[in-house]
Amino acid sequence: MKAKHFSSIAVLLLTGSLVLTSCYQRDNYNQGPYNGNNNHHGNNNNTGAFNYIFDEEFNGSDNYGWNFADPADSAYATITGGSYEYVDYSALLSNMAVVNTSALTSQDFTVTTRIKSNKIMGLIFGASNTDNGYAFYVDTAGNYSLYKEGTGSVASTVIIPSTQDTLYASKNNWNTLELDQINNTWTGYINGTMIFNIAAQPLSGAQFGFKVLPGTTGFADYIVVKSY
C-alpha cells in the first residue's frame with residue numbers, strides 16, 4: 001500500500017475528448033454489497049467471463065496494507081466493522097491510498113466499489129509507483145467527476161468536471177461506482193446507470209484504491225477488479 005498526500009489545487013483546464021451519452025440502467029446491476037469471503041484474488045478457473053479477479057471485501061484482516069496512520073497529515077485509514085474507514089482531517093492536503101491488484105490494466109477490465117463520505121471521495125484506478133492514476137469522484141450532493149491525478153506538486157487535471165447526477169447518485173449515502181475499460185473506451189456507472197463514456201487513456205499500473213479530499217471521512221464496503 002502507499003499513501004500519498006499533496007496540496008489540493010484548483011484546476012481549470014479541461015482536457016480530453018468527452019462524450020456524454022444518454023443514461024441507461026444496467027440489467028445485471030445488483031445494488032447490494034458483495035457477501036463473499038475477504039481478500040480473494042487469482043486466476044479464475046470457473047468461467048471464461050474474466051481471467052483474473054481481485055476481490056477485497058474489508059471483512060477481515062488487512063492482508064494488503066490498507067491500514068495506515070499519518071499524524072502529521074491528520075489522516076488515517078483502517079479496516080473496521082466490515083468496511084474501510086478513511087479519514088483526512090487536514091484543511092489543505094488531500095489523501096490517497098492504493099494497493100497493487102495485479103490486474104492487467106493494459107487489457108479490458110472492470111472495477112467496482114461501494115463508497116460513502118461526508119464530503120467527497122473517489123475511486124482511484126490505474127496508478128503505479130510513479131503515477132497517481134485517475135480518480136472517479138462522487139460527492140454528498142450527488143455530483144460526479146473524473147480527474148487525471150497529479151503527482152507531487154503537479155496539479156490534477158479535469159477530464160469530466162463536476163456534473164450533477166442526483167437522479168442516479170444517492171445524496172449523503174452509499175453509492176456504487178463502476179469503471180469499465182472495454183475496447184479502448186472508459187464507461188462510468190453510478191448505481192448501475194451509465195453516466196459517461198469516453199476514450200480510454202493510458203494507464204501506468206495496476207494499483208487501485210481511494211482518495212478523500214481535505215476534511216473528509218469516507219467509507220468503502222468493497223472493491224473488486226476483474227481483468228478480461
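In the predicted model, D73 is buried but forms no salt bridge. The nearest side chain of opposite charge belongs to K211, at a distance of 11 Å. A salt bridge would require a side-chain nitrogen of Lys or Arg within 4 Å of a carboxyl oxygen, so K211 does not qualify as a partner of D73. The side chain of D73 instead has a polar contact, at 3.0 Å, with the side chain of N95. Along the chain, D73 is found in the loop that links β4 (68–70) to β5 (75–80).

The chain as a whole contains 17 strands and zero helices. It has 228 residues, of which 51% count as buried. When contacts between residues at least 6 apart in sequence are considered, 63% of them join residues at least 24 apart. The accessible surface of the chain is about 10100 Å², and carbon and sulfur atoms account for 47% of that area.

The largest nonpolar core comprises 41 residues. Within this core, Y84, F136 and F210 touch the most other members. A second core, separate from it, has seven residues, among them M96, I120, I124 and A135. In soluble globular proteins, nonpolar side chains tend to be buried together. Beyond the four places on either side of it in sequence, Y84 contacts several aromatic residues, including F58, W66, F68, F210 and F219. The contacts of Y84 also include N67, T78 and G218.

A second loop position is S204, located between β15 (193–199) and β16 (207–212). S204 has a relative accessible area of 42%, which places it in the partly exposed class, because that class lies between the limits of 20% and 50%. With residues up to four places away in sequence left out, S204 touches G126, A127, S128 and D131. The C-alpha atoms of S204 and A127 are 6.1 Å apart, although 77 residues separate the two along the chain. With S128, the contact of S204 includes a polar one between the two side chains, at 2.9 Å.

S227 belongs to strand β17, which spans residues 216–227. Its relative accessibility is 1%, and S227 is therefore classed as buried, the limit being under 20%. Outside its neighbours within four places in sequence, S227 is in contact with F50, N51, Y52, A103, L104, D108 and F109. A separation of 6.4 Å is found between the C-alpha atoms of S227 and T110, two residues that lie 117 residues apart along the chain.

Note on methods: Residues numbered from 1 in each chain as written. Predicted model: local features only at pLDDT ≥ 70, side-chain atom pairs only at ≥ 80, totals over all residues. Heavy atoms only, no water. Helix = DSSP H or I, 4+ residues; strand = E, 2+ residues; numbered from the N terminus. Buried < 20%, exposed > 50% of the residue type's maximum accessible area, 1.4 Å probe, protein only. Contact = heavy atoms within 4.5 Å. Areas by Shrake-Rupley, 256 points an atom, 1.4 Å probe, with all protein chains shown as cover. Lys, Arg positive; Asp, Glu negative; His and termini not counted. Polar contact = N/O pair within 3.5 Å; in protein donor to acceptor, adjacent residues only side chain to side chain. Core = buried A, V, L, I, M, F, W, Y, C linked by side-chain atoms within 4.5 Å.
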